[in-house]
Amino acid sequence: MGQAEHCTGDAKAVGDAFDELASLPCPDIELRHAEQRLADYVADPADAAAFAGNALLHTDWNNHNVLITHDRAHLVDWGWATRGAAWLDPAHWVIWLIAAGHTPSAAEESVAMLPTWTMAPPRAVDAFAHASANLWERIAGVTPDDWTMNLLDAARLWQQHRSNRH
């Protein structure tokens, strides 16, 4: 199954997973905070504050971590569990959708109806797109493999799309 098919084959199930995750209280355990994880990647250190929140975030919405069975999406591999603004998980999903072949506009449209996404301040989304491109550039390093380069290209494409809105 192709990456796009695996990630987007059941948009309703994925949307339900976003809604269900957003409805869960963040457990009272030690978790990294989104504003800490992304602080080194923002253009302006003040931008990281927009990522703060008390939602439980998965943050690693890759095609191997979102498993669709019948009509339900299951999130596995919680190694990057984070506390932060609830709109960040849909923002992470946007990058994966772009990497799977969607345009940035289509990827954003895929999450546009999610309640958590509608609460995202546009400036904060812009800052996240910028931070994500920088993060994937660091992950890619000097000689990225094809998988990492695909995500770096997706993050850069989204950053450019967000920059062009202004």
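Axes of helices are taken here as lines fitted to C-alpha atoms over the stretch in contact, and the angle between two axes runs from 0 to 180 degrees between N-to-C directions. Two packed helices are described by this angle together with the distance between the axes. In the predicted model examined here, helices α2 and α4 pack at an angle of about 150 degrees, and their axes lie 10 Å apart. Since angles over 145 degrees count as roughly antiparallel, α2 and α4 are therefore roughly antiparallel to each other. On the α2 side the contact involves Val14, Phe18 and Leu21, which meet Asp89, Pro90 and Trp93 of α4. Five of the residues in this contact are nonpolar and one is charged, with no polar residue present.

A second helix pair is formed by α5, residues 104-111, and α8, residues 146-164, whose axes come within 9 Å and cross at roughly 85 degrees. Angles of 65 to 115 degrees count as roughly perpendicular, and α5 and α8 are therefore roughly perpendicular to each other. Helix α5 contributes Pro104, Ser105 and Glu108 to the contact, while α8 contributes Leu157, Trp158, His161 and Arg162. By class, the residues of this contact comprise three nonpolar, two polar and two charged.

The strands were examined next. Three of them make up an open sheet with mixed pairing, in the order β1-β5-β2. Strands β1 (32-33) and β2 (55-57) stand at the edges with a single partner strand each, so one side of each has no neighbour in the sheet. Strand β2 runs antiparallel to β5 (residues 82-84), and three bridges join the two. Within this pairing, Ala55 is placed opposite Gly84 of β5.

Strands β3 (residues 66-69) and β4 (residues 72-75) are likewise antiparallel and are joined by four bridges. One of the bridge partners is given by Leu67, which is matched with His74 in β4. The two strands form a hairpin with two residues between them, and His70 in the turn has a positive phi of about 55 degrees.

The analysis of internal space identified one cavity of 30 Å³ or more. The largest cavity has a volume of about 70 Å³. Its lining consists of Phe18, Leu21, Ala22, Ala55, Leu56, Leu57, Ala86, Asp89, Pro90 and Thr116. Helices α2 (11-23) and α4, together with strand β2, are the elements that give two or more residues to this lining. Eight of the lining residues of the largest cavity are nonpolar, one is polar and one is charged. Phe18, Leu21, Asp89 and Pro90 belong to this lining and also take part in the contact of α2 with α4. Ala55, which stands opposite Gly84, is likewise among the residues lining the largest cavity.

Open space was considered separately. The largest pocket encloses about 480 Å³ of space. It is lined by 22 residues, of which Thr59, Trp80, His92, Leu135 and Ile139 are the closest to its centre. Two or more lining residues come from each of α3 (34-37), α4 (88-99) and α7 (122-140). The largest share of the lining, five residues, is supplied by α7. In composition, the lining of the largest pocket divides into 13 nonpolar, five polar and four charged residues. Helix α4 thus appears in several of the features described: α4 packs against α2, gives residues to the lining of the largest cavity and gives residues to the lining of the largest pocket.

Definitions and conventions
Residues are numbered from 1 along each chain as its sequence is written. This is a predicted model: local features need pLDDT of at least 70, side-chain atom pairs count only at pLDDT 80 or more; totals for chains, interfaces and linings use all residues. Side-chain values use heavy atoms; hydrogens and water are left out. On a 1 Å grid over the protein atoms alone, a cavity is a set of points where a 1.4 Å probe fits but cannot get out, and a pocket is an open set with protein on both sides within 12 Å along at least five of seven lines; lining residues have an atom within 4 Å of a point. Grid points are joined across faces, edges and corners, and a volume is the space filled by probe spheres set on the points. Ala, Val, Leu, Ile, Met, Phe, Trp, Tyr, Cys and Pro count as nonpolar, Asp, Glu, Lys and Arg as charged, and the others, Gly among them, as polar. Two strands pair if DSSP finds at least two bridges between them. Angles under 35 degrees count as roughly parallel, over 145 as roughly antiparallel, 65 to 115 as roughly perpendicular and the rest as oblique. Contact means heavy atoms within 4.5 Å.
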